[in-house]
Every structure is written in structure tokens, then in C-alpha cells.
Amino acid sequence: MSRWSWEAAETAAADVKRRCDSLGIAINASGWVSVEYAKAITRNPRAHLVGITSRNLDNARRFVAELGLDCTVFPDYEALLADSRVGAVVITTPNYLHASDAIAACKAGKHIILEKPPAIT
């Protein structure tokens, strides 16, 4: 059983303030390039990682565990886009999905960080 303390309360308050003062970012896909995005997001004081999704949820769970991340594993991309904590989406899916994933993020009112190419011609 944990005891309440001023130190714990101050730490929790600081974490809430940090999250309110920073951009919530989620990652769509859990491949190798997503690792670098996750590292960059967690090092940025103006951003925090809200969550990740993947076509294979076991891969997403493994990704979170291996990197020691404190974030949500979303069951699908639609759930990620519906989460109000997410202000921006990193799209690292295969190239053929970039356009449809980016359009869905736009329709959900999210900022987009998109690996190139934006679409296949």
C-alpha cells in the first residue's frame, strides 16, 4: 500500500502540468522507424507519447515493453484518432497506406508527421 506524501503529490502535479503544456503524439505502426520517433518524442520536453497502434497488436505491445514506454496501445487506428489526448499522429505505415492514413488523420483534426512518400503514383 502506498502512502501519500507531498513529494508524490508534487511529482504527480508536475507530470500533469508537463502533459498539459506539451503536444500529445501517437504513432501509427510499430516498425523499426517508429523506434526513432518514440525516442525523439520522449526526449522532447514539448511533447509526450500518448500511444501507439499497429496492424498486429502483439507487435505494438512488444514495442511498448521493449522501449519501457508509458503509453496506451490502441486497438486500431480509429481508436487512436478518436482519443482527445492525441494532437498529432506519426504515420510510419507502409507507403501504400500513407495517403489514406493521412486523410483520416486530417478528418479527425490531427496534425500529421508523415514518412515519405505521401502517396504512391
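In this predicted model, the largest pocket holds about 280 Å³ of space. Of the 19 residues that line this pocket, Asn 28, Ala 29, Ser 54, Arg 55 and Thr 93 are the closest to its centre. By character, the lining of the largest pocket divides into seven nonpolar, eight polar and four charged residues. Helix H4 (77–82) and helix H5 (98–107) each supply at least two residues of that lining, and H4 gives the most, with three residues.

The sheet is the next element to consider. Five strands form an open sheet in which the order is S3-S2-S1-S4-S5 and the pairing is parallel. At its edges stand strand S3 (72–73) and strand S5 (111–114), each of which pairs on one side only. Helix H2 (residues 32–43) packs on this sheet, where it touches S1, S2, strand S4 (88–91) and S5, and the direction of H2 makes about 170 degrees with that of S1. Strands S1 and S2 run parallel and are joined by six bridges, and within this pair Ala 26 stands opposite Gly 51 in S2. In general, strands of a sheet pair through backbone hydrogen bonds, either parallel or antiparallel.

The strands named above have these residue ranges:

| Strand | Residues |
|---|---|
| S1 | 23–28 |
| S2 | 47–53 |
| S3 | 72–73 |
| S4 | 88–91 |
| S5 | 111–114 |

Charged side chains complete the account. Three salt bridges are found in a search of the whole structure. In one salt bridge the side chains of Lys 39 and Glu 36 meet, at 3.7 Å from N to O. Both Lys 39 and Glu 36 lie in helix H2, three residues apart, which is about one turn of the helix. Side chains of opposite charge can pair when their charged atoms come close.

Notes. Residues numbered from 1 in each chain as written. Predicted model: local features only at pLDDT ≥ 70, side-chain atom pairs only at ≥ 80, totals over all residues. Heavy atoms only, no water. Pairing = 2+ DSSP bridges. Helix = DSSP H or I, 4+ residues; strand = E, 2+ residues; numbered from the N terminus. Contact = heavy atoms within 4.5 Å. Axes fitted to C-alpha atoms, helices over the stretch in contact; angles between N-to-C directions. 1 Å grid on protein atoms, 1.4 Å probe; cavity = no way out; pocket = protein on both sides within 12 Å on 5 of 7 lines; lining within 4 Å. Points joined across faces, edges and corners; volume = space filled by probe spheres on them. Nonpolar A, V, L, I, M, F, W, Y, C, P; charged D, E, K, R; others polar. Salt bridge = Lys/Arg side-chain N within 4 Å of Asp/Glu carboxyl O.
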